[in-house]
Every structure is written in structure tokens, then in C-alpha cells.
Amino acid sequence: MITLYTWTTPNGRKIPIMLEELGIPYTIETVNIGEGEQFKPEFLAISPNNKIPAIVDTDADGRTVAVFESGAILTYLAEKTGRLLPASGPERYKVLEWLHWQIGGLGPMFGQLGFFELRAKEKSELASKHFLDEAERLLGVMDRQLAHHSWLAGAEYSIADIAAYPWVMAAAEKMRPVLGSQLESLHNVQRWLALVGARPAVQRGMALPKAG
Ligand SMILES: N[C@@H](CCC(=O)N[C@@H](CS)C(=O)NCC(=O)O)C(=O)O
């Protein structure tokens, strides 16, 4: 049985989407990062970088595997089930490329843009411009990739799509005042958003975890 430690943020929603897609049993433990629950010693024992998401997978003999970092968790679950990540060959590395592109680029840059544009009490024109330019560049890269491929990493739906979707939705919703007009002009990203968003597992996963 898998226990998922997560919260209502883009990184936090990737793993519920994956687990819903896989249809394997799991339970959710919420970690309210607004209340500092990510610093509790019992959570740090699983996720020493004090960030969600994390999982603990316990097998029938009581042996446990704990994994933190959303990209590592998606890869672990894909390999455990043989789904959404090719086992070998060039297609595997296309999925890993776009997964790592999201983890190292899209997520951090959108996160920084959200901080400087929406949450920081002190405004910084330089920081806002820097992260807006980078967020727009990344969305342009994504649009060009999707001009030639149905899904982010190629012809098949994969963990790369699952990793990127909650972040692009955050750009379309919470970050709409800064990224909305560019996003609306990116027709390939719009097509992809509709395609991913139509999946029942994505709809269920995006509604998790329940914050209460
Ligand atoms: N690279 C990490 C990023 C995880 C992350 O930034 N999580 C945020 C929420 S979206 C968090 O837990 N923040 C709490 C903190 O920084 O104290 C991943 O992909 O899992």
C-alpha cells in the first residue's frame, strides 16, 4: 500500500494524478505547508528537503521504500507498474528529458515568478522581468514541441505530461494576470491542456488532496 504525503499545490497534485491514472490503492496524508507541517520530524524522516510530495510504499512483508522529489516518485511508480514510461530505447529518454525539463525549469521558474509577482510584499522589477521572460520562453519551447507531437514527450501520454499539467494550469489560473495573454496565443499548448484535462484521472487528481 502506498501512502502519499502531499498538499494542494502543482507539485503536490502530480502524484494523485499518477496514482489515479494507475488505479492502484493509496492513502493520502496531508502536509499543510502553510502551517509548517513539512518541518515536523516525522515528515523530515521521509522527505529531508522539507518539501511535498513524498511517498512511502509498504509491501506485503512490511518492507518500505520512501521516495521524495516528484520526478523520482513518478519514475518509481512508472517502473513499479510498467506504465507511462517506456522501459528502454529512445522513447524512454524523450520522456525523461521532458520530465527533467519540467522539474528543473518550468516548475522552479513558474514558482519564482509566482513569488515575485503574486506573493512578495516587496516588488522587484528586475526579478519579475527575469522570471517572466524565462516563464514565457519555457512556454514557447513547450508550444514548439507540441506543434509536432500529440503529447509532451512524443506520441504517447507519459509521466512528462503528468508533471507539466498542474504547473501549466497554475499559469492559466493563479498566474493568469502575468502569463494569461501569452498562454492564450499558444495554440498547441491550449490543445494539449484540453487533451490532458479531459482525462478522468487528471480531473480526479487535480481535486486532491482535500485541504480540510
Ligand atoms: N523539486 C521538488 C519541488 C517540491 C516543492 O517545491 N514543493 C513545495 C510545494 S509545491 C513545498 O513543499 N514547499 C514547502 C517548503 O518549501 O517549505 C519536487 O518536484 O518534488
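Let's start with the ligand: it sits in the largest pocket. Keep in mind that this is a predicted model.

How big is that pocket? The largest pocket has a volume of about 1200 Å³. Its lining is made of 37 residues. Nearest the centre of the largest pocket you find Thr-9, Pro-10, Asn-11, Gly-111 and Trp-167. Three elements give two or more residues each to this lining: α1 (10–22), α4 (90–119) and α6 (159–172). Which element gives the largest share of the lining? That is α4, with 11 residues. As for chemistry, the lining of the largest pocket has 17 nonpolar, 13 polar and seven charged residues.

Now zoom in on the ligand. Around the ligand we have Thr-9, Asn-11, Ile-33, Gln-38, Phe-39, Asn-50, Lys-51, Ile-52, Pro-53, Glu-69 and Ser-70. Sort this shell by type and you get four nonpolar, five polar and two charged residues.

Which side chains bring a polar atom to an oxygen atom of the ligand? Take three of these residues in turn. For Lys-51, a polar side-chain atom is 2.6 Å from a ligand oxygen. For Asn-50, the distance from a polar side-chain atom to a ligand oxygen is 3.2 Å. For Asn-11, that distance is 3.4 Å. How much of the ligand does the protein bury? On its own, the ligand exposes 510 Å², and the protein buries 79% of that.

Stay with Asn-50 for a moment. Asn-50 is placed in the loop between α2 and β3. Look at its backbone. Phi of Asn-50 is near 45°, which is a positive value, and this residue is not a glycine. Pro-53 is also in the loop between α2 (41–44) and β3 (54–58). Here the peptide bond from Ile-52 to Pro-53 is cis, and omega is near 0°. Why point these two out? Because most residues other than glycine have a negative phi, and most peptide bonds are trans. Remember too that Asn-50, Ile-52 and Pro-53 are among the residues around the ligand.

There is another cis bond to show you. Leu-208 and Pro-209 are joined by a cis peptide bond, with omega about -10°. Where is Pro-209? Pro-209 is in the segment after α9 (200–206).

On to the second largest pocket. Its volume is about 160 Å³. Which residues line the second largest pocket? From the 80s and 90s of the numbering come Leu-84, Leu-85, Pro-86, Glu-91, Lys-94 and Val-95. The others are Ala-153, Gly-154, Ala-155, Glu-156, Tyr-157 and Ser-158. By type, this lining has seven nonpolar, two polar and three charged residues.

To recap, go back to the ligand. The ligand sits in the largest pocket. The protein buries 79% of the area that the ligand exposes when taken alone. And the loop between α2 and β3 holds Asn-50, with its positive phi, and Pro-53, with the cis bond from Ile-52.

Methods: Residues are numbered from 1 along each chain as its sequence is written. This is a predicted model: local features need pLDDT of at least 70, side-chain atom pairs count only at pLDDT 80 or more; totals for chains, interfaces and linings use all residues. Side-chain values use heavy atoms; hydrogens and water are left out. A residue is near a molecule or strand if one of its heavy atoms lies within 4 Å of it. A polar contact is a pair of N or O atoms within 3.5 Å; within protein, one must be able to donate a hydrogen and the other to accept it, and residues adjacent in sequence count only if both atoms are side-chain atoms. Accessible areas come from the Shrake-Rupley method with a 1.4 Å probe; for residues, only the protein chains shown count as cover. On a 1 Å grid over the protein atoms alone, a cavity is a set of points where a 1.4 Å probe fits but cannot get out, and a pocket is an open set with protein on both sides within 12 Å along at least five of seven lines; lining residues have an atom within 4 Å of a point. A molecule sits in a cavity or pocket if more than half of its atoms lie within 2 Å of its grid points. Ala, Val, Leu, Ile, Met, Phe, Trp, Tyr, Cys and Pro count as nonpolar, Asp, Glu, Lys and Arg as charged, and the others, Gly among them, as polar. Grid points are joined across faces, edges and corners, and a volume is the space filled by probe spheres set on the points. Helices (H or I, at least four residues) and strands (E, at least two) are DSSP runs, numbered from the N terminus.
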